[in-house]
Amino acid sequence: MDIEYLLFLQGIRESLGGNFETFVSLITAIPKSPISAMIAGILFWCISRRAGLFLMFVMSFGRLLNTLIKDTACVYRPWILDSDIHPAEDALKKASSYSMPSGHTQFATAIYGGLAYFYRKTFPKLIIPCAIIILAVALSRNFLGVHTPQDVLVAIVETLAVIFFSEKLFDRMDHDKNFTKTAFIAGAVFCVIATIYILTKSYPVDYLNGKIIVTETAAKLDSLDSIGCVAAFLIGAALENKFVNFSTNVDFGVKVRRVIIGCIVGGAAMVLLLLIKLTGFEFFYEFCKGFLPIIAIIFLAPMAFNYFETKTKFRFKKISKI
């Protein structure tokens, strides 16, 4: 049934031509676009620290859980399961490792599902556009032929479970400050155990046309960015809380400046990531692909805010004394 569904969508895709495929490719890129990353950043820097942290927690830990399921189930891509499936060429280039659950769908559900859930009581109308984005991304993965319906469904369900769990966890930390340390330690232990599991487990060795379908190296490389996300969240949140601990209770002009500074810091992080890629150290690059964006949002940008805002206050204080 799932293959018949993908073949049906494939027929539509081929009949509509390349322009519509390009449009769908833009939809499928939404969760990993700079705009989606900026949602968590702007929330954290300017509107609500708790909302920003909530989204980044769901994004990072949800991503790692997604990876654990993917590397445990080891489900092959649709075109491996049935040779009649011909995925879109551009999507095929970016479809690495195993198939279930869908990483793009998980990311979309984490960002837009987490956003809608966090503000469900304050802005209930936000649920509709967020749900549309999640479903559009999920359908785009099927339409482009790189994921089965099961792949996207599992991604949505497991991410919704992470969202519900995150709310309970954050509520507990709000009422019990000592529990925050326990939660941090538990998160670090989970990250370490997951890393050991991913890097030491055995992966299936199956061949297609004389080549291994998914090599052990490819599976491990595809998993490292999720480890980097969690490591960045844990390290960044701890450093920001201890050395910065900024407030979002600032005027509009300061918020605008924060967004500009945050974009500059994020851009610098991406330049650094490109330089790391040029070194050829694939494992380190894949880890940094998850680590650098999160650490830039949660710690490096707030550290820059603190520097400029404190410096400005100091200047005004000197002028007033004069």
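A salt bridge is a side-chain nitrogen of Lys or Arg within 4 Å of a carboxyl oxygen of Asp or Glu. I wrote that down before anything else, then searched the whole structure and got ten salt bridges. Note to self: this is a predicted model.

**Entry 1: the whole chain**

I started with the secondary structure, and the chain has 13 helices and two strands. Next I looked up the radius of gyration: 21 Å, close to the 20 Å that the globule rule gives for 322 residues, so the chain is as compact as a globular protein of that length. I also boxed the C-alpha atoms along the principal axes, and they fill roughly 80 × 40 × 40 Å.

How much of the chain is buried? I got 48% of the 322 residues. For contacts, I took those with a separation of 6 or more, and 80% of them join residues 24 or more positions apart. The accessible surface came out at about 16700 Å², and carbon and sulfur atoms hold 69% of that.

**Entry 2: the largest nonpolar core**

I went inside next. The largest nonpolar core has 75 residues, and Trp45, Phe233 and Leu292 touch the most other members. Which helix gives the most to this core? I found helix H13, residues 282-321, with 13 residues.

I picked Phe233 for a closer look. Leaving out residues up to four places away in sequence, Phe233 touches Leu53, Met56, Phe57, Ser60, Phe61, Ile294 and Ile298. There is also a second, separate core of twelve residues, and I jotted down Ile85, Ala88, Ala91 and Leu144 as some of its members.

**Entry 3: Met56**

Met56 was on the Phe233 list, so I followed the methionine up. I found Met56 in helix H4, which runs over residues 49-73. Is Met56 buried or exposed? Its relative accessibility is 0%, so Met56 counts as buried; the cut-off for that is under 20%.

Again skipping residues up to four places away, I listed what Met56 touches: Ala40, Phe44, Phe233, Ile297 and Ile298. I also checked a pair far apart in sequence. Met56 and Thr159 are 103 residues apart along the chain, yet their C-alpha atoms are 13 Å apart in space.

**Entry 4: Ile80**

Ile80 sits in helix H5, residues 78-81. With a relative accessible area of 23%, Ile80 is partly exposed. Which residues does Ile80 contact, leaving aside neighbours within four places in sequence? I found Leu208 and Ile213. I also looked up Asn142, which is 62 residues from Ile80 along the chain, and their C-alpha atoms are separated by 15 Å.

**Entry 5: a greasy spot outside**

Nonpolar residues turn up on the surface too: Val271, Leu272, Leu274, Leu275 and Leu278 form a patch there, with about 500 Å² of accessible area together. I chose Leu272 as my example. Leu272 is in helix H12, residues 252-279, and at 41% relative accessibility it counts as partly exposed.

**Entry 6: back to the salt bridges**

Why would side chains pair up like this? Side chains of opposite charge can pair when their charged atoms come close.

I looked at Arg13 and Glu21 first. Their side chains meet in a salt bridge at 3.5 Å, N to O. Arg13 counts as buried, at 5% relative accessibility, whereas Glu21 is partly exposed at 21%.

Then I tried Asp176 and Arg172, where the closest N and O atoms of the bridge are 4.0 Å apart. Asp176 is partly exposed, with 26% relative accessible area, and Arg172 is partly exposed as well, at 44%.

My next pair was Lys289 and Glu286, with a salt bridge at 3.1 Å, N to O. How far apart are Lys289 and Glu286 along helix H13? I counted three residues, so about one helical turn separates them. Lys289 is partly exposed at 35%, while Glu286 is buried at 15%.

One last thing went into the notebook: Arg50, Asp171 and Asp174 are linked in a network of salt bridges.

Methods
Residues are numbered from 1 along each chain as its sequence is written. This is a predicted model: local features need pLDDT of at least 70, side-chain atom pairs count only at pLDDT 80 or more; totals for chains, interfaces and linings use all residues. Side-chain values use heavy atoms; hydrogens and water are left out. A nonpolar core is a set of buried Ala, Val, Leu, Ile, Met, Phe, Trp, Tyr and Cys residues joined through side-chain atoms within 4.5 Å. Buried means under 20% relative accessible area, exposed over 50%, partly exposed in between (1.4 Å probe, protein chains only). Helices (H or I, at least four residues) and strands (E, at least two) are DSSP runs, numbered from the N terminus. Contact means heavy atoms within 4.5 Å. Patches are made of residues with over 30% relative accessible area and no salt bridge: like charges are joined within 9 Å, nonpolar side chains (Val, Leu, Ile, Met, Phe, Trp, Tyr) within 5 Å. Accessible areas come from the Shrake-Rupley method with a 1.4 Å probe; for residues, only the protein chains shown count as cover. The radius of gyration is taken over C-alpha atoms; the globule rule is 2.2 Å times the number of residues to the power 0.38.
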